[in-house]
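Thanks for sending this one over. Here are my notes, set out as numbered points so that you can go through them with the model open.

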Amino acid sequence: MSLLSDLINLNLSDTTEKIIAEYIWIGGTGLDLRSKARTLSGPVVNDPSKLPKWTYDGSSTGQAAGDDSEVVLHPQAIFKDPFRRGNNILVMCDTYAPSGAPLASNKRHAAAKIFSHPDVAAEEPWYGIEQEYTLLQKDTNWPLGWPTGGFPGPQGPYYCGNGADKAFGRDIVDAHYKACLYAGINISGVNAEVMPGQWEFQVGPALGISAGDEIWVARYILERITEVAGAVLSLDPKPIKGDWNGAGAHTNYSTKSMRNDGGYEVIKKAIANLEKKHKEHIAAYGDGNERRLTGKHETADINTFLWGVANRGASVRVGRDTEKAGKGYFEDRRPASNMDPYVVTSMIAETTILWKP
Amino acid sequence: MSLLSDLINLDLSDSTEKIIAEYIWIGGSGLDLRSKARTLPGPVTDPSQLPKWNYDGSSTGQAPGEDSEPTSHFQGSIQKGYGIEQEYTLLQKDIQWPLGWPVGGFPGPQGPYYCGAGADKAFGRDIVDAHYKACLYAGINISGINGEVMPGQWEFQVGPSVGISAGDEIWAARYILERITEIAGVVLSLDPKPIKGDWNGAGAHTNYSTKSMREDGGYEVIKKAIEKLGKKHAEHIAAYGEGNERRLTGRHETADINTFLWGVANRGASIRVGRDTEKEGKGYFEDRRPASNMDPYVVTSMIADTTILWKP
């Protein structure tokens with residue numbers, strides 16, 4: 001409706017100094033994103049610590065009891081709001097009890113501690129996360145573009161494909177790409193995935209805790225866009241049983257030592273550490289991952305730790321160029337699409353930098 | 001249609017000094033908002049500069065020949081501050097069933113919708129976002145919005161407003177909301193319990209403080225004020241909105257209508273005091289009893305009367 005969009009698109013910077021801040025947080029399931037907005041007197045700030053804390057009703061998100069329901073939001077990262085534009089902002093927050101203790105569902109707090117450890121900080125850990133996801137039709141929860149009550153032709157033509165019979169939902173993907181760039185998220189690429197209706201975006205290279213912040217805000221922006229489009233976002237790691245790919249969140253990783261000369265030896269030691277802690281990592285790499293990590297569909301079996309150069313059936317893959325240059329990065333292919341990036345990124349740093357076997 | 005919206009969006013300030021003033025008032029039911037427009041010769045800065053106007057009261061269930069008087073703003077000397085959390089439900093136009101709910105059925109149970117995003121969780125965000133900016137543009141002190149616990153239900157907050165302006169701003173914000181739902185082809189409901197059963201109702205929680213409450217030692221003033229409200233519970237409830245007994249059941253984050261209960265951080269209470277107010281020894285409290293269809297003029301003035309003027 002033309003008048004409704006006029007109002008939504010009002011540029012308030014001509015009439016007021018006030019800005020609208022959308023505070024975003026993770027709810028009680030550890031995967032549900034929640035948000036609400038407030039008006040702030042201007043001008044715009046760049047420093048999250050200058051934004052006011054806020055509270056919300058934790059009993060409505062499974063994070064508190066009704067008779068003691070307040071949860072406190074601490075602003076941690078600021079992005080430009082691609083929906084409201086102007087001087088309006090998105091604010092990624094984490095959650096605390098009124099006592100100041102982080103909630104059990106707050107994984108950022110512990111991750112931030114790991115990243116501020118001097119040994120970790122000195123290594124400047126970089127992350128590139130490949131977030132895969134599936135678009136579902138709203139009322140049937142069947143993937144977008146799939147015939148109701150049936151299946152599309154087998155996998156093959158869809159990966160990076162084009163055409164109305166191969167690419168389903170590109171509008172959403174392209175809108176998301178530009179919206180993230182506008183917001184200031186370090187989105188590095190997009191591609192259509194092997195299963196029809198499945199897509200991927202990549203964020204990075206991002207330093208330390210910012211990788212987690214950026215993935216969560218990118219997920220929020222994606223869910224807002226699917227809302228507009230009338231489709232449903234799924235981060236389930238194996239949305240369709242059978243000969244259909246699952247969805248992962250491959251996490252590329254390097255430290256300063258790995259990126260410098262002699263880095264390949266550092267990489268091999270790091271991978272050796274990860275192998276020893278395979279079970280602990282898998283337990284923290286996303287619910288339902290056992291449905292995805294079967295050893296088929298470009299995965300390694302969940303109980304096996306396998307690494308190799310250019311091997312997409314491995315748990316950890318090292319690129320040919322890293323092997324050739326003797327330095328670079330490696331890819332942990334185990335995390336599921338529904339992983340918590342705060343948990344995965346900090347755990348990799350802890351196991352490879354701090355942990356002594 | 002491109003020509004129609006061109007005309008609607010004409011910026012007249014280049015061609016004339018004249019302005020259009022939309023006069024808004026509350027009709028005979030106490031909840032129906034009415035409006036009509038007139039041309040004025042030039043911009044105004046104060047309501048007292050606006051002419052009085054007539055309307056046909058027999059068409060709004062009010063006595064004939066009513067004069068409508070533009071409200072004048074005045075500041076109360078005790079600096080009563082109000083923050084009102086207006087909840088509301090959006091309904092599909094021809095069937096009066098909440099927006100986003102399947103026809104003839106129900107969505108999944110409450111849990112995912114509060115502050116949620118996604119086409120399966122948030123219904124009508126366009127309306128809510130358009131309303132937020134429209135109110136800011138209008139100069140209404142809208143302080144925030146959020147998706148509510150029941151799907152299709154939303155909330156906006158106005159405040160802190162001083163004295164009578166809280167009522168003016170809520171009514172104007174309700175008017176703007178009804179105009180926006182009109183464009184969107186959706187119906188606004190201020191019913192306090194639109195759907196029976198395990199679905200939240202809609203309230204208009206009223207946050208309140210006076211100068212004394214906001215200063216050192218304010219917590220004692222707050223406790224005395226709450227005590228007085230406790231003594232006048234039945235009178236307040238009678239004025240806090242029609243149909244509130246369907247909403248105030250003791251479940252769904254309410255206190256039972258016949259019970260007066262207050263507590264810190266307690267969303268099942270009649271009156272809630274925030275943890276930060278308790279900690280600092282001063283601040284404000286939240287009267288959670290008013291229904292979404294309350295009259296803010298009545299509620300705000302009654303709270304002030306009971307807590308400041310009334311001697312038990």
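1. Among contacts in chain B between residues at least 6 apart in sequence, what percentage join residues at least 24 apart? The value is 65%. Please keep in mind throughout that this is a predicted model.

2. On the fold of chain B, I find 9 helices and 12 strands. The chain has a radius of gyration of 21 Å, and the globule rule gives 20 Å for 312 residues, so chain B is as compact as a globular protein of that length. Along the principal axes, its C-alpha atoms fill a box of roughly 60 × 50 × 40 Å.

3. Next, burial and surface. In chain B, 52% of the 312 residues count as buried. The exposed area of the chain is about 14300 Å², with carbon and sulfur atoms supplying 53% of it.

4. A word on charge: chain B carries 41 negative and 32 positive side chains. The centres of these two sets are 6 Å apart.

5. A residue worth a look in chain B is B:Ser270, which sits in the loop between β10 (262–264) and β11 (271–273). Is B:Ser270 buried or exposed? Its relative accessibility is 2%, and buried means under 20%, so B:Ser270 counts as buried. Setting aside neighbours within four places in sequence, B:Ser270 has contacts with B:Ala255, B:Thr259, B:Phe260 and B:Leu261, and also with B:Glu286, B:Asp287, B:Arg288 and B:Arg289.

6. Over in chain A, I would pick out A:Val203, which belongs to strand β8 (residues 198–207). A:Val203 counts as buried because its relative accessibility is 2%. Beyond its neighbours within four places in sequence, A:Val203 touches several residues, including A:Tyr127, A:Gly128 and A:Ile129. Its contacts also include A:Ile185, A:Asn186, A:Ile187 and A:Ser188, as well as A:Glu214 and A:Ile215. For A:Asn186, which is 17 residues away from A:Val203 along the chain, the C-alpha separation is 5.6 Å.

7. Finally, the annotation. An unreviewed UniProt entry places the feature "domain: GS beta-grasp" at residues 19–100 of chain A. How much of the chain is helix and how much is strand over residues 19–100 of chain A? In the model, this stretch is 0% helix and 48% strand. The C-alpha atoms at its two ends are 28 Å apart.

How values were computed
Residues numbered from 1 in each chain as written. Chains lettered and ligands numbered in written order. Predicted model: local features only at pLDDT ≥ 70, side-chain atom pairs only at ≥ 80, totals over all residues. Heavy atoms only, no water. Helix = DSSP H or I, 4+ residues; strand = E, 2+ residues; numbered from the N terminus. Rg over C-alpha atoms; globule rule 2.2 N^0.38 Å. Buried < 20%, exposed > 50% of the residue type's maximum accessible area, 1.4 Å probe, protein only. Contact = heavy atoms within 4.5 Å. Areas by Shrake-Rupley, 256 points an atom, 1.4 Å probe, with all protein chains shown as cover. Lys, Arg positive; Asp, Glu negative; His and termini not counted. Charge placed at Lys NZ, Arg CZ, Asp CG, Glu CD. UniProt positions renumbered as here; feature names shortened; annotations may be inferred.
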